[in-house]
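Good morning, colleagues. I should like to discuss helix packing and aromatic pairs; please look at the structure as I speak.

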Amino acid sequence: MEQEVFVEMVLTAWHKYQEQLDDFFDDLPDDDFDIEVYPGKNRVRYIIGHLTAVNDGILTLLGAREPLYPELVDEFLIKSYRVGNSEHSINDLRIYWRNVNRTLTTYFSTMPLSEWFEKNASISNEDFQREPHCNKLNIVLTKTHHLVYHLGQLTLLNSKIRNLASRN
């Protein structure tokens, strides 16, 4: 019963923040994806690509499958967010975002409870014996924190956009 509650808590948070990001990306006009969150920092285009690439890697960490869009890794995980224009359109990035998250939701809903507490694919058996918290559920928990971090950036940007619009 206790494990079930832990899994439900983590997945509820995951889905909540995922939905908030969905709403943000759905409501934002394409032209606003190239606005910098803060001068010299992430653009919305980078954030959606970055979060998609990170989320796409979750199933690999869970030992389930390879990423759907491995081509996003170089641009959105390895290169700097200050690199010029993306080769991916906003429409493509929105589609990738939805596909990755739909795949994750389906996988999460079918994963047996006991598997959530098994080691993740990035840790050795020996290390897992010493650090049993490095399990599959912890992957989703840490990636949820990552979502929240970038959601905070986008929330600030959204306030900035509304303030600019009200001045015009």
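I shall begin with the basis of the model and then turn to helix α5 and its partners.

This is a predicted model, in which local features need pLDDT of at least 70, side-chain atom pairs count only at pLDDT 80 or more, and totals for chains, interfaces and linings use all residues. Residues are numbered from 1 along each chain as its sequence is written, and side-chain values use heavy atoms, with hydrogens and water left out.

Helices here are DSSP runs (H or I, at least four residues), numbered from the N terminus. The axes of α2 (residues 44-56) and α5 (residues 90-110) come within 9 Å and cross at roughly 30°; axes are lines fitted to C-alpha atoms over the stretch in contact, and angles run from 0 to 180 degrees between N-to-C directions. α2 and α5 are therefore roughly parallel (angles under 35 degrees).

How does α1 lie against α5? Helix α1 (residues 2-27) packs against α5 at about 160°, with the axes 12 Å apart. The two are therefore roughly antiparallel (over 145 degrees). Their contact (heavy atoms within 4.5 Å) includes W14, L21 and F25 of α1 and W97, L104 and F108 of α5.

Finally, the aromatic rings. Rings of Phe, Tyr and Trp (its six-membered ring) pair if their centres lie within 6.5 Å, and the count comes to seven aromatic pairs. F24 and F25 form one that is edge-to-face (planes over 60 degrees apart), at 5.9 Å centre to centre and 80° between the planes. Both F24 and F25 are buried (under 20% relative accessible area, 1.4 Å probe, protein chains only). Ring pairs link F24, F25, F33 and W97 into a cluster.

Notes: Phe/Tyr/Trp six-rings, centres within 6.5 Å; stacked < 30°, edge-to-face > 60°. Buried < 20%, exposed > 50% of the residue type's maximum accessible area, 1.4 Å probe, protein only. Parallel < 35°, antiparallel > 145°, perpendicular 65-115°, else oblique.
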